[in-house]
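Reader: I am new to this structure and would like to be led through it with care. Could we begin with the aromatic residues, please?

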Amino acid sequence: MTSIAAEDEPPPLGSLLLDEIHEQPEALARLLGHAQEYARAGEALRRRAPAVVRMAAHGSSDNAASYGVYAFGLLPGWTAIRDSISLSVYYGAELDLRDSCAIGLSQSGRTPDVVEYVERARARGALTVAITNDPTSALADAAEIVLPLAAGLERSVAATKTYTTQVAALALLAANAAGAGPAYEDGIRETASLVAGMLPGLERRLPEIALAFAYVGRLFAIGRGPEFATAREIALKLLETCRVAAEPLTATDLAHGPVAAIDPLFPVWAVVSDSVGLPAVLDAAARARALGARLVASGTLADSVPGAAYSLPVPAPPQPLLAPLLSVVPGQLLAWSLAQAKGLDPDAPAGLSKVTLAR
């Protein structure tokens with residue numbers, strides 16, 4: 001197994017985005033340095049046994065929350081949702097949250113309406129948790145339980161290492177709530193080593209694919225189950241760094257209207273790591289291919305997608321639920337490579353800043 005030193009800083013690679021893509025294994029290792037805090041939080045959740053786990057976030061953090069729906073559903077067997085921030089913060093709905101756990105996810109911990117969501121949820125009886133890269137932030141102050149991401153300073157506007165650490169944090173919290181914390185701690189550690197091992201080969205492959213996609217202005221990214229979070233995150237990375245109008249869809253949603261938009265100039269990215277979701281992804285890919293779409297496939301089962309123009313398989317992690325930590329990396333690297341091919345600066349996306357001031 002590749003050894004990962006949590007304190008080591010990656011060498012500069014000339015791009016903030018690329019630096020932080022490469023830093024993800026170290027960021028995951030730093031997260032595991034807080035495993036005991038996640039164990040205590042999981043025990044607190046288990047004692048509370050919430051009827052609903054409610055997650056509030058924006059952007060990449062909201063994509064991680066899509067993963068959290070499956071982490072809490074499959075591990076402790078709890079109902080989890082990406083909750084409406086607007087309902088309580090802006091519309092003032094008076095909800096009884098005494099049977100809920102409310103989790104605010106924010107890299108900076110300074111997104112105003114996420115902070116207010118947690119404050120209101122706490123006042124209405126919810127057990128509140130902050131998952132943030134800044135344990136001294138306003139979000140941390142608002143919550144009863146604070147869980148650090150420990151991803152290190154995020155310098156790139158487009159999130160990568162903070163997204164993967166949020167996915168890992170939700171997996172670790174859900175696993176501890178289910179009494180499976182040590183197994184998932186070991187699994188995340190091994191998965192971090194797998195990410196480190198696959199990065200060089202993927203990075204060599206992606207520029208060729210980026211040149212072939214330099215004309216692309218629109219794309220569908222499809223996934224199912226936990227990998228829908230990956231489809232959402234890949235779409236967001238392409239949208240914000242490459243000016244590609246990328247839309248994430250579940251594999252089944254593609255057939256309900258969106259398939260009518262597909263033509264030979266409309267690529268489809270299929271994310272597949274879950275054998276349960278494989279039939280739906282294969283059906284969606286076949287529909288897209290029949291309409292002339294160029295297919296890209298990523299994930300542990302990427303080679304199972306027939307007719308893909310490009311297949312970007314990733315290693316299988318120790319627990320299948322951790323596959324999104326690996327399957328998102330090809331999309332992150334393509335976003336960086338495609339921005340280069342289009343003559344764009346992925347470190348300065350137009351109109352974006354580090355903190356979502358959602359007011």
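Author: Phe213, Tyr215 and Tyr310 form one aromatic cluster. This is a predicted model, in which local features need pLDDT of at least 70 and side-chain atom pairs count only at pLDDT 80 or more, while totals for chains, interfaces and linings use all residues. Residues are numbered from 1 along each chain as its sequence is written, and side-chain values use heavy atoms, with hydrogens and water left out.

Reader: How many aromatic pairs does a search of the whole structure find?

Author: Rings of Phe, Tyr and Trp (its six-membered ring) pair if their centres lie within 6.5 Å, and planes under 30 degrees apart count as stacked, over 60 as edge-to-face and the rest as tilted. Searching the whole structure gives a number of aromatic pairs equal to four.

Reader: Is the pair of phenylalanine 72 and tryptophan 78 stacked or edge-to-face?

Author: The ring centres of phenylalanine 72 and tryptophan 78 are 6.5 Å apart. Their planes lie at 10 degrees, so the pair is stacked.

Reader: Is alanine 293 buried or exposed?

Author: Alanine 293 lies in the loop between helix 11 (278–290) and strand 9 (295–299), where helices (H or I, at least four residues) and strands (E, at least two) are DSSP runs numbered from the N terminus. Buried means under 20% relative accessible area, exposed over 50% and partly exposed in between (1.4 Å probe, protein chains only). Because its relative accessibility is 7%, alanine 293 counts as buried.

Reader: How far apart in space are alanine 293 and proline 264, C-alpha to C-alpha?

Author: In sequence, alanine 293 and proline 264 are 29 residues apart. In space, their C-alpha to C-alpha distance is 4.6 Å.
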